[in-house]
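Visitor: Could you take me on a close look at one part of this model, beginning with a single residue and following what surrounds it in the chain?

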Amino acid sequence: MRLRRHLLPETPLAGAAVAAEKLRAALAEPLDLLGHRIPLSVSIGVAEARVGEPLESCLRRADTALYRAKDGGRNRVELDESAAPEAS
């Protein structure tokens with residue numbers, strides 16, 4: 001399966017990072033549930049799809065960034081900044 005549809009089409013990594021940070025900040029507000037304030041946090045890993053890249057590869061890079069966010073203290077956004085493989 002090739003990446004043809006993705007969450008933020010035509011969005012470079014920096015733009016996706018801004019969107020992820022807005023989402024993280026919005027979810028950081030405590031949830032009021034039946035009179036109880038429940039604190040929430042979210043860690044997000046962001047990867048930019050590469051032309052011709054299988055979906056599994058992109059998701060793997062996003063997952064690696066997610067675990068870096070969790071290891072870095074949680075409630076944060078981490079980017080996949082690995083260099084794209086060079087064309088032969």
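Guide: Gladly! Leu34 is exposed, with a relative accessible area of 81% (exposed is over 50%, buried under 20%, partly exposed in between, with a 1.4 Å probe and protein chains only). The model is predicted, so local features need pLDDT of at least 70 and side-chain atom pairs pLDDT 80 or more, while totals for chains, interfaces and linings use all residues. Numbering runs from 1 along each chain as its sequence is written, and side-chain values use heavy atoms, without hydrogens and water.

Leu34 sits in the loop between β1 (31-33) and β2 (36-38); strands are DSSP E runs of at least two residues, helices H or I runs of at least four, numbered from the N terminus. Together with Leu31, Leu33, Ile38 and Leu40, Leu34 makes a nonpolar surface patch of about 470 Å². Such patches join nonpolar side chains within 5 Å, from residues with over 30% relative accessible area and no salt bridge (Lys or Arg side-chain nitrogen within 4 Å of an Asp or Glu carboxyl oxygen).

Before this stretch comes α1, residues 13-27. Leu13, Ala16, Ala17, Ala20 and Arg24 are buried there. Seen down the axis, these buried residues fall within an arc of 105°, so they line one face of α1; the arc is taken from axis-to-C-beta directions. β3 (44-46) and β4 (77-79) are among what covers them, contact being heavy atoms within 4.5 Å. The face turned away from that buried side carries the exposed Ala14, Lys22 and Ala26.

Definitions and conventions:
Patches are made of residues with over 30% relative accessible area and no salt bridge: like charges are joined within 9 Å, nonpolar side chains (Val, Leu, Ile, Met, Phe, Trp, Tyr) within 5 Å. Accessible areas come from the Shrake-Rupley method with a 1.4 Å probe; for residues, only the protein chains shown count as cover. The expected span of a helix is 1.5 Å times one less than its number of residues.
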